[in-house]
Amino acid sequence: MSDLVLPRPQGWIGTTDDWARGLGVVFVVVAVILIVVGWRRLRDRGLDPPVKQLLVIPLLVLPPAIVFFGYSYGIESSKSIGSCGSCHVMKPFLADLKNPASDSLAATHYKNRYIQEHQCYTCHTDYGMFGTVRAKMEGLGHVVRNLSGAYSLPLKIAHPFPNSRCLACHRESLKFRNSPGHPKEDLPKLLSGENSCIDCHGPAHPTFTTLEASR
Amino acid sequence: MTDRVAVPWLVRLSMMSGALGALLSLMLFLHAGPYTLVAFMFVAQPLLLAAVALFVIQVLKDLRRERLL
């Protein structure tokens with residue numbers, strides 16, 4: 001799949017992410033240089049007006065810009081499957097996702113591009129702002145547990161997987177609506193979560209009892 | 001031998017905080033991943049915020065001392 005590199009559109013000047021990253025790096029470098037210069041001048045001259053004016057840029061103007069571009073780039077890049085798979089414990093799941101021979105639900109969605117990008121994030125984030133915030137907070141917990149090794153194998157999802165994550169994409173598709181497996185009288189049970197999509201269409205991922213698959 | 005000029009500790013702290021926050025942010029820009037993102041969100045951001053706040057406090061103190069506020 002990766003050998004198909006699309007040509008850039010005419011007038012290509014990079015993505016928003018590229019710009020956020022590039023400007024972020026430039027602002028950080030400028031801020032650090034100005035702080036170093038300011039530090040040297042402070043030692044020699046004290047906090048006189050020219051030094052104060054110099055320090056306005058790295059201590060007042062640039063920090064909000066660095067935070068803005070850091071958020072913009074960091075949050076967006078954390079949605080990538082590479083970011084999810086960067087923890088050792090996630091590598092078998094990433095390997096399965098990319099395995100053309102795998103018929104797990106996740107791999108099927110990935111290899112057929114049923115989800116265009118950010119495949120992990122799309123399925124594991126609830127909808128709406130609080131879903132995103134909750135996913136980020138849970139992500140922090142994952143980082144802490146991965147660092148401390150406070151997890152046990154096989155990994156289990158923390159909460160039952162809500163059908164709303166599947167139905168957000170599938171509920172309006174004709175394939176879903178016309179499927180004999182989804183009779184109208186059963187739809188309320190699907191919507192309420194009484195019946196789980198995964199019960200019939202799972203498993204979403206293989207069960208890994210060891211991390212051997214990542215080696 | 002040169003005499004060292006007294007520098008307000010608020011400015012020193014602001015500069016150290018700003019430099020550290022900026023360098024931690026640089027880690028995120030150079031290698032985005034879960035650890036660098038957590039470091040950015042929970043360490044770099046507060047440091048950058050502290051740098052701004054401490055510098056503003058120093059400026060306000062100076063303005064008050066000069067009776068401009």
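**Exercise 1.** In this predicted model, determine whether A:His118 counts as buried or exposed.

*Solution.* Begin with the value: the relative accessibility of A:His118 is 19%. Next, recall the cut-off, since buried means under 20% relative accessible area. A:His118 therefore counts as buried. To place the residue, note that A:His118 belongs to the loop between α5 (105-111) and α6 (119-123) of chain A. Finally, consider its surroundings: with neighbours within four places in sequence left aside, A:His118 is in contact with A:Glu76, A:Lys79 and A:Ser80.

**Exercise 2.** Identify the residues that line the second largest pocket, and classify them as nonpolar, polar or charged.

*Solution.* The pocket in question has a volume of about 240 Å³. Its lining consists of A:Ser80, A:Ile81, A:Gly82, A:Lys98, A:Gln116, A:Glu117 and A:His118. Sorting these residues gives one nonpolar, four polar and two charged. Two of the names link back to the previous exercise: A:His118 and A:Ser80 both line this pocket, and they are in contact with each other.

**Exercise 3.** Describe where A:Gln119 lies and which residues it touches.

*Solution.* First, A:Gln119 is located in helix α6 of chain A. Second, its relative accessible area is 9%, so A:Gln119 is buried. Third, apart from residues up to four places away in sequence, A:Gln119 touches A:Ile81, A:Tyr110 and A:Arg113. Fourth, the side chain of A:Gln119 comes to 3.3 Å from the backbone oxygen of A:Gln116. Lastly, a long-range comparison: A:Gly46 stands 73 residues from A:Gln119 in sequence, and the C-alpha to C-alpha separation of the two is 54 Å.

**Exercise 4.** State in which helix A:Arg45 is found and which side chain it joins in a polar contact.

*Solution.* A:Arg45 is part of helix α1 of chain A, which covers residues 16-45. Its relative accessible area of 42% makes A:Arg45 partly exposed, because that class covers values between the 20% and 50% limits. The side chain of A:Arg45 is joined to that of A:Asp48 by a polar contact of 3.2 Å.

**Exercise 5.** Work out how many residues of chain A and chain B are in contact, and how much area the two chains bury.

*Solution.* Count the contacts first: 38 residues of chain A meet 35 residues of chain B. Then take the area: the two chains bury about 3,200 Å² between them, with 81% of it on carbon and sulfur atoms. Of the area that chain A buries against chain B, A:Trp39, A:Arg43 and A:Leu59 supply 18%, more than any other three residues.

Key. Residues are numbered from 1 along each chain as its sequence is written. Chains are lettered from A and ligands numbered from 1 in the order in which they are written. This is a predicted model: local features need pLDDT of at least 70, side-chain atom pairs count only at pLDDT 80 or more; totals for chains, interfaces and linings use all residues. Side-chain values use heavy atoms; hydrogens and water are left out. Helices (H or I, at least four residues) and strands (E, at least two) are DSSP runs, numbered from the N terminus. Buried means under 20% relative accessible area, exposed over 50%, partly exposed in between (1.4 Å probe, protein chains only). A polar contact is a pair of N or O atoms within 3.5 Å; within protein, one must be able to donate a hydrogen and the other to accept it, and residues adjacent in sequence count only if both atoms are side-chain atoms. On a 1 Å grid over the protein atoms alone, a cavity is a set of points where a 1.4 Å probe fits but cannot get out, and a pocket is an open set with protein on both sides within 12 Å along at least five of seven lines; lining residues have an atom within 4 Å of a point. Grid points are joined across faces, edges and corners, and a volume is the space filled by probe spheres set on the points. Ala, Val, Leu, Ile, Met, Phe, Trp, Tyr, Cys and Pro count as nonpolar, Asp, Glu, Lys and Arg as charged, and the others, Gly among them, as polar. Contact means heavy atoms within 4.5 Å. Buried area is the accessible area (1.4 Å probe) that two parts lose on being put together, summed over both.
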